[in-house]
Amino acid sequence: VAAAENVTSSRGYRLADYSNFGDRIDVAAPGSDIYSSIQNDSYDSLNGTSMAAPHVTAVASLVWSINRNFTAPMVKELVCSEATTTEAYGNRRTEGGINDSSSSYRMLNARMAVEEAIRITDAEGIATGRFVDAETGYGISYGTFTIYEETMDGERYDDNVYNVTDG
């Protein structure tokens with residue numbers, strides 16, 4: 001994880017000078033001026049990859065909560081892929097200390113990762129939730145339910161029966 005800072009430019013986030021760098025970085029996340037708890041029941045604005053990593057963990061948790069059948073590599077792909085991230089620019093250092101301000105890293109984007117997890121889950125037909133009475137809106141804790149799929153013209157093609165018990 002790399003730490004990014006928000007800059008007042010049209011480019012948005014850039015990699016912070018103190019951040020991790022190199023080819024082993026999977027994703028960048030906000031890591032500058034993060035309001036955090038400190039010793040003696042107090043708070044302060046802190047900087048670093050230690051401030052960025054919890055953002056990545058939180059997004060990974062959100063993604064996994066959408067579909068608990070996702071494996072760890074699937075969650076990582078959803079959190080870090082080019083399809084679900086934006087760019088964090090500049091301050092990319094090399095082992096020789098060269099600063100390449102034209103380079104970029106993938107920037108964490110919670111909304112894009114969660115939306116992609118939902119899209120994949122819907123496409124696979126995996127769902128979680130609860131049964132709700134359509135008339136009252138109250139949850140139903142037990143009973144037998146039939147859920148069916150139908151074509152656009154109303155023809156049923158798949159029926160599934162579920163027995164739900166309280167508890």
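User: Which strand does Ser45 lie in?

Analyst: Ser45 lies in strand β5. Strands here are DSSP runs of E with at least two residues, helices are runs of H or I with at least four, and both are numbered from the N terminus. Before we go on: this is a predicted model, where local features need pLDDT of at least 70, side-chain atom pairs count only at pLDDT 80 or more, and totals for chains, interfaces and linings use all residues. Residues are numbered from 1 along each chain as its sequence is written, and side-chain values use heavy atoms, with hydrogens and water left out.

User: Got it. How many helices and strands are there in the protein?

Analyst: The protein has three helices and 13 strands. Of its 167 residues, 29% are buried (under 20% relative accessible area; exposed is over 50%, partly exposed is in between, with a 1.4 Å probe and protein chains only). Take the contacts (heavy atoms within 4.5 Å) with a separation of 6 or more: 46% of them come from residues 24 or more positions apart.

User: Back to Ser45. Which residue stands opposite Ser45 in the pairing of β4 and β5?

Analyst: The general idea first: in a regular strand the side chains alternate between the two faces of the sheet. Here, β4 (residues 34-38) and β5 (residues 42-46) run antiparallel and are joined by five bridges; two strands pair if DSSP finds at least two. Ser45 has Tyr35 opposite it. Those two are ten residues apart along the chain, with 4.3 Å between their C-alpha atoms. Leaving out residues up to four places away in sequence, Ser45 touches Asp33, Ile34 and Tyr35. With a relative accessible area of 39%, Ser45 is partly exposed.

User: What does Ile38 touch on this hairpin?

Analyst: Ile38 is in strand β4, and with the same sequence cut-off its contacts are Tyr43, Asp44 and Leu46. Ile38 counts as partly exposed, at 35% relative accessibility.

User: And how should I read backbone angles here? Which residue takes a positive phi near 65 degrees in the hairpin?

Analyst: Most residues other than glycine have a negative phi, and most peptide bonds are trans. The hairpin of β4 and β5 has three residues between its strands, and there Asn40 takes a positive phi near 65 degrees. Asp41, also in the loop between β4 and β5, has a positive phi near 55 degrees. Asp41 is exposed, with a relative accessible area of 80%. Then look at Asp33, in the loop between β3 (28-30) and β4: its phi is near 55 degrees, again positive in a residue other than glycine. Asp33 is exposed at 59% relative accessible area.

User: Now the helices. At roughly what angle do α1 and α2 cross?

Analyst: Two packed helices are described by the angle between their axes and the distance between the axes. For α1 (residues 49-66) and α2 (residues 72-80), the axes come within 9 Å and cross at roughly 120 degrees. Axes are lines fitted to C-alpha atoms, for helices over the stretch in contact, and angles run from 0 to 180 degrees between N-to-C directions. α1 and α2 are therefore oblique to each other; under 35 degrees would be roughly parallel, over 145 roughly antiparallel, 65 to 115 roughly perpendicular, and the rest is oblique.

User: Which residues make the contact?

Analyst: From α1 you have Val56, Val59, Ala60, Val63 and Trp64, and from α2 Val75, Leu78 and Val79. By class that's eight nonpolar residues, no polar and no charged ones; nonpolar covers Ala, Val, Leu, Ile, Met, Phe, Trp, Tyr, Cys and Pro, charged covers Asp, Glu, Lys and Arg, and the others, Gly among them, are polar.

User: Is Thr84, after α2, buried or exposed?

Analyst: Thr84 is buried, at 1% relative accessibility. Thr84 is in the loop between α2 and β6 (85-89). Beyond four places in sequence, Thr84 touches Glu77, Leu78, Val79, Asn109, Met112, Ala113 and Glu116.

User: One more strand: why is β1 largely enclosed?

Analyst: Four of the five residues of β1 (residues 2-6) are buried, so the rest of the structure largely encloses that strand. β1 pairs with β3 in the parallel sense over three bridges, with Ala29 of β3 as the bridge partner of Ala3. Three bridges also join β1 to β2 (residues 13-15), running antiparallel, and there Ala4 stands opposite Leu15.
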